[in-house]
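Trainee: I'd like a close look at one part of this model, please: chain B. Could you start with how far to trust it, then work from the whole chain down to single residues and on to its partner?

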Amino acid sequence: MALRRVGERAAWLLASLLLASLLIFAATNALPGDVAQVMLGTNATPGEAARLRAELGLDQPFLVRYMEWIWGALRFDFGESYITGKPIAPLIASRLAVSAWLILFGMIVAVLIALPAGAYAAVRRRHADGVAVSALSQIGLAVPAFWAGIWLVVIFAVNLQWLPAGGYVTPQESVGQWLAHLVLPVTSLAIVQASIISRYVRGSVIEVLHEDYFRTARAVGWSRTGALMRHGLRNTGISLLTVIGLQLATLLVGAIIIEQVFALPGLGSSLLLAVSQRDLGVVQAIVLLLVWAVLAINFLVDVAYQLIDPRLRRVGDDR
Amino acid sequence: MRHVTLYLGAGLIGVIVAMAVVGTFWTPYPPDAVVGPGLQPPSAEHWLGTDGLGGDIFSRLLSGARICLLIGIGSVVAAAVVGVPVGIFSGMVRGWVGEIPARLSDILYGFPALLLAILFAAALGGSTWTATMAIALASIPAFVRIARAATLQVMSQGYIEAARVSGTPRTAVAARHVLPNIAPAVGVQLSVSVGLAILAEAGLSYLGLGSGPETPTWGRMLREAQTYVFSAPQLALWPGLAIAVATLGFNLLGDGLRDLLDPRLREIR
C-alpha cells in the first residue's frame with residue numbers, strides 16, 4: 001500500500017491544522033478591539049481594564065496566549081465565554097448534533113438525488129428530457145440555498161401548514177417531530193448540493209459511455225442500465241468521493257446559513273450570535289472546529305482516494 | 001444551438017449590468033429612503049410595491065445590482081491578481097519551493113468566505129469592506145490551483161524548453177509563454193468565481209455580516225423580507241430572483257467559455 005504517501009499526507013495535515021489554528025487565533029487577536037473594554041463597557045477606568053486584562057491573561061505575549069489556547073483546544077477545553085461566563089466546550093457539544101444531522105442528511109439526500117439525476121442527464125443528453133435535467137441543475141446551482149429555504153417555508157409551512165417553519169426537537173423527545181423539523185432545512189441544503197454533484201455524475205457517466213469496456217459489456221449482452229450499474233457506478237463512485245470532499249466546505253457554510261433561516265439551534269446560530277456579541281472565545285472555538293473538520297475530511301478523502309483507485313498509486317509504491 | 005450557453009450567460013449578465021448602469025444614474029425613488037406606506041402591492045407609483053419599512057422595492061433592486069457586481073467582480077479580480085502569479089510560480093519552480101505556495105493555498109481552502117467573513121466581523125465589525133476581503137481571500141486558492149495545473153501542462157511543451165535553452169529569463173518565459181497559454185483556463189475560472197462570489201456576498205448580507213443597513217444589497221433585502229414571510233411572502237421574490245439571474249449568468253458564461261476554448265470537453269460538460 002501507498003503507506004509512505006499516506007504518511008507524507010498525514011504530516012502535511014498536522015502542519016495545516018497548526019497553521020490554520022494560528023491564522024484563526026491571529027485574526028481574532030491581533031486585530032483591534034479590546035476584549036476587556038468590551039466587557040466592562042465604555043465607563044471603565046484604565047485601571048479596571050488593565051486588571052481585567054491581567055485576570056484574563058490578555059497581558060501575556062501573543063505566542064504564550066496562543067499556546068495556552070491551542071493546548072486547551074486539543075483537550076476540548078476552550079475556556080469560558082467572555083459574555084456569558086459559561087464554559088464554551090459544553091455549549092459546542094450541545095449544538096454539534098443539530099448541525100451534524102443537518103449536514104449528514106443534506107449530503108445523503110443530495111447524493112440520492114444526484115446519482116439518478118446525473119446518470120439520466122448523461123444517458124439522455126441528446127434528448128430534450130436529459131437537457132432539461134441539466135438545465136435544472138444549472139438553476140439549482142445559481143439559487144441561494146437560503147432563498148430556496150424561505151420559499152419552502154412559504155409553501156409548506158405558511159400555506160399548506162404541513163411542516164413546521166422552524167425550530168428543533170431532539171430525537172429523544174420525539175423522533176417524528178425531530179424528522180418533521182429537519183425536512184425543510186435538509187431539502188434546502190440538498191437542492192444546491194444535488195445540483196453540484198449531479199453535474200459531476202453526469203460528466204463521469206458520459207465518460208463511461210465512451211469507454212471501450214462499456215461498449216464491450218453492451219456487446220456481450222448487458223443492458224444499458226445493467227452495464228452502467230456494473231461499471232458506471234464504480235467509476236462514478238471515485239469521482240463522487242472527491243466531489244463530496246470538495247463540497248464539504250460549501251456544505252458547512254450552507255448549514256450555517258440554513259440554521260439561520262429555520263432558527264435551528266446548531267453551531268451556526270451559536271457562531272452568529274457570538275459574532276454579534278463580539279464573543280471572541282466562542283467565535284474562535286467554533287471556527288477552529290469547522291476549519292479543522294474541513295481539512296481533516298479532505299485528508300481522509302485524499303487517503304481513501306489513494307487506496308481505492310489503483311491508477312493513482314505511484315509506480316514503486318506497491319511494495 | 002452552438003454556443004447557446006455562452007450567449008445565454010452573456011445575456012443574463014447584460015440584464016444585471018443594465019440594471020447596475022441605470023441604477024447608478026436613475027432610480028424612481030431614493031433606494032435608501034422611506035417613500036410611502038409599507039408593504040404596498042405593485043402599483044403605477046411603485047412598480048414592484050414597497051417593502052416592510054416603506055422603501056421602493058424596484059429602486060432598491062436597481063441599486064443592489066451595482067453593489068452585487070462591484071463586490072462580485074472586484075473581489076474575484078483581486079483574488080486572480082494574487083492567485084495567478086502564485087500559481088504560475090508554483091508551476092514553474094520545481095521541488096519543494098514550488099510546492100509550498102500550492103500547499104499554503106490548500107490551507108486557505110479550508111476557510112470558506114463565510115468563515116473568514118465571520119472572523120473579520122468578530123474582530124472588526126461587518127462591513128462591505130470585510131465582506132469583500134473575505135470573498136477575495138477565499139477565492140484565491142481556486143486561481144492558484146488552476147494556474148498551477150495549467151502552468152505544469154504548459155511547462156512540458158517543447159517551446160518552453162526552446163525558450164529556456166535560448167537563454168530567455170524565467171520571468172520573460174512566464175510573461176511571454178506561460179501567461180498567454182493559461183489565460184483561457186483563468187478566464188473560465190474568473191467567470192465561475194464571480195458566480196460563487198455573488199452567492200457568497202448574498203449569503204453574507206443575508207446574515208448581516210456584509211454591508212450595513214444603509215446599503216440595499218439583495219441579500220439584505222431577503223433578510224428583511226424574511227420577517228414578513230407570513231404576511232407578505234412576495235417581498236422575497238425579486239431580490240432572490242436577481243441573485244439567481246446574476247449567478248446563473250456568470251456560471252453559464254463560464255461553461256460557455258470552457259466549451260468554446262476547450263472543444264474536447266464539449267461533450268462532457
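Mentor: Happy to. We begin with pLDDT, which is the predictor's confidence in each residue, on a scale from 0 to 100. This is a predicted model, and chain B averages a pLDDT of 87, with 96% of its residues scoring at least 70. For the complex as a whole, the predictor gives an ipTM of 0.85 and a pTM of 0.88.

Now for the overall make-up. Chain B contains 9 helices and 0 strands, so that its pattern along the sequence reads α-α-α-α-α-α-α-α-α. Its C-alpha trace spans about 75 × 50 × 30 Å along the principal axes. Of its 269 residues, 50% count as buried. If you take the contacts in chain B with a separation of 6 or more, 70% of them are between residues 24 or more positions apart.

Two helix pairs are worth a visit. Two packed helices are described by the angle between their axes and the distance between the axes. Take helix 3 (residues 96-109) and helix 5 (residues 128-155) of chain B: the angle is about 145 degrees and the axes are 8 Å apart. Helix 3 of chain B passes helix 5 of chain B in a left-handed crossing. On the helix 3 side, the contact is made by B:Pro101, B:Ala102, B:Ser105, B:Asp106, B:Leu108 and B:Tyr109. Helix 5 of chain B contributes B:Leu137, B:Ile140, B:Pro141, B:Val144, B:Arg145 and B:Arg148. By class, the residues of this contact are 8 nonpolar, 1 polar and 3 charged.

The second pair is helix 8 (residues 218-226) and helix 9 (residues 237-261) of chain B, which pack at about 150 degrees with their axes 8 Å apart. Their crossing is left-handed. B:Trp218, B:Met221, B:Leu222 and B:Ala225 of helix 8 of chain B meet B:Pro239, B:Gly240, B:Ala242 and B:Ile243 of helix 9 of chain B. Here the classes are 7 nonpolar, 1 polar and no charged.

Let's zoom in on one residue of a loop. B:Gln40 lies between helix 1 (4-25) and helix 2 (57-92) of chain B. Is B:Gln40 buried or exposed? Since 20 or more C-beta atoms within 10 Å would make a residue buried and 12 or fewer would make it exposed, B:Gln40, with 18 others in that range, is partly exposed. Leaving out residues up to four places away in sequence, B:Gln40 touches B:His46, B:Gly49 and B:Thr50. B:Gln40 and B:Pro233 are 193 residues apart in sequence, and their C-alpha atoms are 12 Å apart in space.

Next comes the core. The largest nonpolar core has 161 residues, and those with the most contacts inside it are A:Val283, B:Ala117, B:Ile118 and B:Leu119. Helix 7 (residues 170-207) of chain B supplies the largest share of this core, 16 residues. A:Val283 is a good place to see the two chains meet: outside its neighbours within four places in sequence, its contacts include B:Ile118, B:Leu119 and B:Ala122 from chain B, along with A:Thr28, A:Leu271, A:Ala274 and A:Val275.

That takes us to the partner. In this model, 42 residues of chain A are in contact with 35 residues of chain B. Several helices of chain A give two or more residues to that side, including helix 1 (3-29), helix 8 (175-209), helix 10 (224-261) and helix 12 (280-308) of chain A. The chain A side that touches chain B has 33 nonpolar, 7 polar and 2 charged residues.

A few words on chain A itself will help you place chain B. There are 12 helices and 0 strands in chain A, and 36% of its 319 residues are buried. The mean pLDDT of chain A is 84, with 91% of its residues at 70 or more. Among the elements of chain A, helix 2 (residues 35-40) has the lowest mean pLDDT, 64, and helix 5 (residues 88-123) the highest, 91. Over residues 315-319 of chain A, pLDDT stays under 50. Where pLDDT is low, the predicted coordinates should not be read in detail.

Methods
Residues numbered from 1 in each chain as written. Chains lettered and ligands numbered in written order. Predicted model: local features only at pLDDT ≥ 70, side-chain atom pairs only at ≥ 80, totals over all residues. Axes fitted to C-alpha atoms, helices over the stretch in contact; angles between N-to-C directions. Helix = DSSP H or I, 4+ residues; strand = E, 2+ residues; numbered from the N terminus. Left-handed = near helix turned anticlockwise from the far one by under 90°. Contact = placed C-beta atoms within 7 Å. Nonpolar A, V, L, I, M, F, W, Y, C, P; charged D, E, K, R; others polar. Core = buried A, V, L, I, M, F, W, Y, C linked by C-beta atoms within 7 Å.
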